[in-house]
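Here is a short report on one chain, written for a reader who works with models. It goes from the whole fold to single side chains.

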Amino acid sequence: MNKDQVKGKIKEAAGEVQEHTGKMLGNAEQQAKGHAREFQGKAQKAAGDARENAEDASKDLDKNLNKDLTRDPTRR
């Protein structure tokens, strides 16, 4: 888990709380701000997920390339 995933999830949860609080109080502005904050958090978490997936794929590629090179040293 990276910092964008964590910060995004926190922002998403805070936005949900803000949105529901605004709804309970009848404050449409706070409800809209909470909704926007929730989706900002979802976007940040998605960016963190993509980053983690790219890092994992890169590690897998390096691992497989190194395995191939140790198996067949003429491929260098």
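The text below covers overall form, then charge pairs, then three buried polar residues.

**Overall form**

This is a predicted model. The chain has 2 helices and 0 strands. Its radius of gyration is 21 Å, while the globule rule gives 11 Å for 76 residues, so the chain is more spread out than a compact globule. The C-alpha trace tells the story along the principal axes, with spans of about 70 × 15 × 10 Å.

Helix H1 takes in residues 3-25. Helix H2 takes in residues 28-71.

Burial is limited to 17% of the 76 residues. The accessible surface of the chain is about 5800 Å². Carbon and sulfur atoms hold 55% of that surface.

Contacts also reach along the sequence. Take the contacts with a separation of 6 or more: 56% of them join residues 24 or more positions apart.

**Charges and salt bridges**

How many positive and negative side chains does the chain have? There are 16 positive and 14 negative ones. The centres of the two sets lie 2 Å apart.

Side chains of opposite charge can pair when their charged atoms come close. A search of the whole structure finds 5 salt bridges. The table gives three of them, including their N to O distances.

| Salt bridge | N to O distance | Accessibility of the Lys or Arg | Accessibility of the Asp or Glu |
|---|---|---|---|
| Lysine 42 – glutamate 38 | 3.7 Å | 35% | 9% |
| Lysine 45 – aspartate 49 | 3.1 Å | 24% | 26% |
| Arginine 51 – glutamate 55 | 3.3 Å | 40% | 36% |

Where do these pairs sit? Lysine 42 and glutamate 38 both lie in helix H2, 4 residues apart, which is about one turn of the helix. Lysine 45 and aspartate 49 are also 4 residues apart in helix H2, so about one helical turn separates them. Glutamate 55 and arginine 51 both lie in helix H2 too, with 4 residues and about one turn between them.

Now add exposure. Lysine 45 is partly exposed at 24% relative accessibility. Its partner aspartate 49 is partly exposed at 26%. Arginine 51, at 40%, counts as partly exposed, and so does glutamate 55 at 36%. The pair of lysine 42 and glutamate 38 is mixed: lysine 42 is partly exposed at 35%, whereas glutamate 38 is buried at 9%.

**Glutamate 38**

Why does glutamate 38 count as buried? Its relative accessible area is 9%, and buried means under 20%. Glutamate 38 is found in helix H2. Leaving out residues up to four places away in sequence, glutamate 38 touches Lys11, Glu12, Gly15, Glu16 and Glu19. Within helix H2, the side chain of glutamate 38 meets that of lysine 42 in a salt bridge of 3.7 Å, N to O.

Compare glutamate 38 with asparagine 27. The two are 11 residues apart in sequence, and their C-alpha atoms are 17 Å apart in space.

**Glutamate 19**

Is glutamate 19 buried or exposed? At 17% relative accessibility, glutamate 19 counts as buried. Glutamate 19 lies in helix H1. Beyond its neighbours within four places in sequence, glutamate 19 is in contact with Gln30, Gln31, Gly34, His35 and Glu38.

One C-alpha separation fits with that list. Glutamate 19 and glycine 34 are 15 residues apart along the chain, and their C-alpha atoms are separated by 4.1 Å. The contact with Glu38 appears from the other side as well, where glutamate 38 touches Glu19.

**Glutamine 44**

Glutamine 44 is placed in helix H2. Its relative accessible area is 19%, and glutamine 44 is buried. The cut-off for buried is under 20%. Which residues does glutamine 44 contact, leaving aside its neighbours within four places in sequence? They are Asp4, Lys7, Gly8 and Lys11. Lys11 is also among the residues that glutamate 38 touches.

**Taken together**

The chain is built from 2 helices and is more spread out than a compact globule. Glutamate 38, glutamate 19 and glutamine 44 are buried.

Key. Residues numbered from 1 in each chain as written. Predicted model: local features only at pLDDT ≥ 70, side-chain atom pairs only at ≥ 80, totals over all residues. Heavy atoms only, no water. Rg over C-alpha atoms; globule rule 2.2 N^0.38 Å. Buried < 20%, exposed > 50% of the residue type's maximum accessible area, 1.4 Å probe, protein only. Contact = heavy atoms within 4.5 Å. Areas by Shrake-Rupley, 256 points an atom, 1.4 Å probe, with all protein chains shown as cover. Lys, Arg positive; Asp, Glu negative; His and termini not counted. Charge placed at Lys NZ, Arg CZ, Asp CG, Glu CD. Salt bridge = Lys/Arg side-chain N within 4 Å of Asp/Glu carboxyl O.
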